[in-house]
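The following exercises are to be worked through with the sequence and the structure at hand. Each task is followed by a solution in steps.

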Amino acid sequence: PGDNIHIRNGVVYSNEVPLIMPATLTHKYELWYSNKSSLSKALQVLEIGFVKITDTTHIELALTKQQSTQLTASASIDSLVLVNYPIKSFINNYEEGNDLTHCSANNWGPAYIPKKGETILFTPENYRMYHTILEKFEKVPIINKDGSFWLQDKKIAQYTFQHNYYFMMGDNRHNSIDSRYWGFVPEQNIVGKAVITLYSKNEESFRWNRIFKLIE
């Protein structure tokens, strides 16, 4: 709460300082290749499993930063590009704008994360950012009427938040439906912390090496 969040080219910045991400963090990449056998061996060396290599010379796969660097340096691929696509965010309707600058898998914000006791001056832009939590959690159904903001019959220009909020992101960034999509989470809605993996399965089999493992 009180931080400014900004995601640029897949890097998360808090108050304009890049966050140190865990080594296990993955992003989705598009990979082009010419030699199927060579690529298969490279993926085995990097312990990247569960990838269906076809004869199309193009696949998508989730990689850590280290894996992407090693693959780029190898002779087994032609090119590797970080995937980016517009997302249907709570502040940007996917069908209306597809604004890649403001709301995409790798670029989001900037946005202020509401803090209890902090006051904001309303603008059309930040109203789009906060109107859902104002109505749902703050219980103040503020309406935008042609650029003016109203609470019932009273015109207002600012609002002081009554709760702390958090911005949540998954560690499998391109397969996580998180705060980029559904918005800020009030502190009172946070009920616990995941500490262990009880069950893990992909399309092909159980991932036994992950079951009953502590979460970093």
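Two strands count as paired if DSSP finds at least two bridges between them. The model treated here is a predicted one.

**Exercise 1. Describe the overall make-up of the protein.**

Step 1. The secondary structure consists of four helices and 16 strands.

Step 2. Along the principal axes, the C-alpha atoms fill a box of roughly 70 × 40 × 30 Å.

Step 3. Of the 216 residues, 38% count as buried.

Step 4. Among the contacts with a separation of 6 or more, residues 24 or more positions apart account for 56%.

**Exercise 2. Determine the strand order of the open sheet that contains β4, and state which strands stand at its edges.**

Step 1. General background comes first: strands of a sheet pair through backbone hydrogen bonds, either parallel or antiparallel.

Step 2. Three strands make up this open sheet, in the order β5-β4-β6, and their pairing is antiparallel.

Step 3. The edges are taken by β5 (58–64) and β6 (79–82); each has a single partner strand, so one side of each is left without a neighbour in the sheet.

Step 4. On average, and with direction ignored, neighbouring strands of this sheet are turned by 35° against each other.

Step 5. Seven bridges join β4 (residues 26–32) to β5 in the antiparallel sense. Within this pairing, K28 has A62 of β5 as its bridge partner.

**Exercise 3. Find which side of helix α2 is buried and what covers that side.**

Step 1. Helix α2 (residues 65–73) packs on the sheet and touches β4, β5 and β6. The direction of α2 makes about 130° with that of β5.

Step 2. A residue is buried if its relative accessible area is under 20%, and exposed if it is over 50%. By this criterion Q67, S68 and L71 are the buried residues of α2.

Step 3. These buried residues cover an arc of only 100° around the axis, and therefore lie on the same side of α2.

Step 4. On the face turned away from the buried side are the exposed residues K65, Q66, T72 and A73.

Step 5. The buried residues of α2 pack against β4, α1 (36–45), β5 and β6.

**Exercise 4. Carry out the corresponding analysis for helix α1.**

Step 1. The buried residues of α1 are L39, A42 and L43.

Step 2. Seen down the axis of α1, the buried residues fall within an arc of 100°, so they line one face of the helix.

Step 3. The face of α1 turned away from the buried side carries K41, Q44 and V45, which are exposed.

Step 4. The cover over the buried residues of α1 includes β4, β5 and α2.

Step 5. Just after α1, E47 takes a positive phi of about 60°.

**Exercise 5. Trace the partners of strand β1.**

Step 1. Strand β1 (residues 4–8) pairs with β7 (residues 108–112) over three bridges, in the antiparallel sense. In this pairing I7 stands opposite W108.

Step 2. Strand β1 is also joined by four bridges to β2 (residues 11–14), and these two strands run antiparallel. The bridge partner of R8 in β2 is V11.

Step 3. The hairpin of β1 and β2 has two residues between the strands, and N9 takes a positive phi near 55° there.

Step 4. R8 also lies over the face of Y13, at 3.9 Å from the ring centre.

**Exercise 6. Classify the ring pair of F137 and Y165, and place the pair in its surroundings.**

Step 1. A pair of aromatic rings is described by the distance of the centres and the angle of the planes.

Step 2. The ring centres of F137 and Y165 are 6.4 Å apart and their planes stand at 50°, so the pair is tilted.

Step 3. F137 lies in the loop between α3 (124–136) and β9 (142–145), whereas Y165 lies in β13 (residues 165–166); the pair therefore ties together parts that are 28 residues apart in sequence.

Step 4. F137 and Y165 are both buried.

Step 5. Ring pairs link F90, W108, Y130, F137, Y159, F161, Y165, F167 and F184 into a cluster.

**Exercise 7. Is N209 buried or exposed?**

Step 1. N209 is found in the loop between β15 (196–197) and β16 (213–214).

Step 2. The relative accessibility of N209 is 59%, so N209 counts as exposed.

Terms used:
Residues numbered from 1 in each chain as written. Predicted model: local features only at pLDDT ≥ 70, side-chain atom pairs only at ≥ 80, totals over all residues. Heavy atoms only, no water. Axes fitted to C-alpha atoms, helices over the stretch in contact; angles between N-to-C directions. Contact = heavy atoms within 4.5 Å. Buried < 20%, exposed > 50% of the residue type's maximum accessible area, 1.4 Å probe, protein only. Arc of directions from axis to C-beta. Phe/Tyr/Trp six-rings, centres within 6.5 Å; stacked < 30°, edge-to-face > 60°. Lys NZ or Arg CZ within 6 Å of the ring centre and 35° of its normal.
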